[in-house]
Amino acid sequence: MSRGLRVVAWVAALLYVVVGLLELILADGSLGHRLTFAGVLGLFAALVLVGVRLIDDRPWVGAAMASVGAIAGGLALFWTGAALLLAIAIVVLSVLAARRASEPSAAQPGAQR
């Protein structure tokens, strides 16, 4: 897995968690609404991080999880602009990493190209 993907995933996850915490602390509205929003953003951050971590072992499952978490978080925080750009980067980089991880290696005996 590429280092760039890990960095972008951590930045996106941090953005989701920080905005969730700021919403919880500073926003007006019911406590239930604020807790739900913060919890959902935390779930999106976890999906991104777990998905990126899974790419080495289960490439397409990991890419799907990271992409779903990134897209959902990007849509939830569309007003930041950065969240949408990070979501696009995560989707592209995770698919590229999954393609590389799922290709048979030339070092394996009997590998086909």
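This is a tour of one predicted model, going from the whole chain to its helices, its core and its surface.

Before selecting anything, note that residues are numbered from 1 along each chain as its sequence is written, and that side-chain values use heavy atoms, with hydrogens and water left out. Because the model is predicted, local features need pLDDT of at least 70 and side-chain atom pairs count only at pLDDT 80 or more, while totals for chains, interfaces and linings use all residues.

**The whole chain**

Start with the protein chain in cartoon view, where you will find 4 helices and 0 strands, in the order α-α-α-α along the sequence; helices (H or I, at least four residues) and strands (E, at least two) are DSSP runs, numbered from the N terminus. The C-alpha trace spans about 60 × 25 × 15 Å along its principal axes. Of the 113 residues, 31% count as buried, where buried means under 20% relative accessible area, exposed over 50%, and partly exposed in between (1.4 Å probe, protein chains only). Among contacts, meaning heavy atoms within 4.5 Å, with a separation of 6 or more, 59% are between residues 24 or more positions apart.

**Helix H1**

Next select H1, residues 3-26, which has 24 residues and reaches 34 Å from its first C-alpha to its last, close to the 34 Å expected at 1.5 Å a residue; the expected span is 1.5 Å times one less than the number of residues. Its buried residues are Leu-5, Val-8, Ala-9, Ala-12, Ala-13, Tyr-16, Val-19 and Gly-20, and what covers them includes H2, H3 and H4.

Stay on H1 and pick out Leu-21, which counts as partly exposed because its relative accessibility is 45%. Leu-21 belongs to a nonpolar surface patch with Leu-14, Val-17, Val-18, Leu-22, Ile-25 and Leu-26, together offering about 670 Å² of accessible area. Such patches are made of residues with over 30% relative accessible area and no salt bridge (a side-chain nitrogen of Lys or Arg within 4 Å of a carboxyl oxygen of Asp or Glu), with nonpolar side chains (Val, Leu, Ile, Met, Phe, Trp, Tyr) joined within 5 Å and like charges within 9 Å. Accessible areas come from the Shrake-Rupley method with a 1.4 Å probe, and for residues only the protein chains shown count as cover.

**The core**

Now show Tyr-16, Leu-41, Val-48, Ala-70, Leu-77 and Ile-90 as sticks: these have the most contacts inside the largest nonpolar core, a set of 21 residues. H1, H2, H3 and H4 each give two or more residues to this core, and H1 gives the most, with 7. A nonpolar core is a set of buried Ala, Val, Leu, Ile, Met, Phe, Trp, Tyr and Cys residues joined through side-chain atoms within 4.5 Å. Centre on Leu-41, which, leaving aside neighbours within four places in sequence, is in contact with Tyr-16, Val-19, Gly-20, Ala-76 and Leu-77.

**Helix H3 and its neighbour H4**

Move to H3, residues 59-76, whose buried residues are Pro-59, Gly-62, Ala-63, Ala-66, Ser-67, Gly-69, Ala-70, Gly-73 and Gly-74; their cover includes H1, H2 and H4. Trp-60, also in H3, counts as partly exposed, because its relative accessibility is 46%. Not counting residues up to four places away in sequence, Trp-60 touches Val-95, Ala-98, Arg-99 and Ser-102.

Finish on Val-92 in helix H4, whose C-alpha is separated by 13 Å from that of Gly-69, 23 residues apart along the chain.
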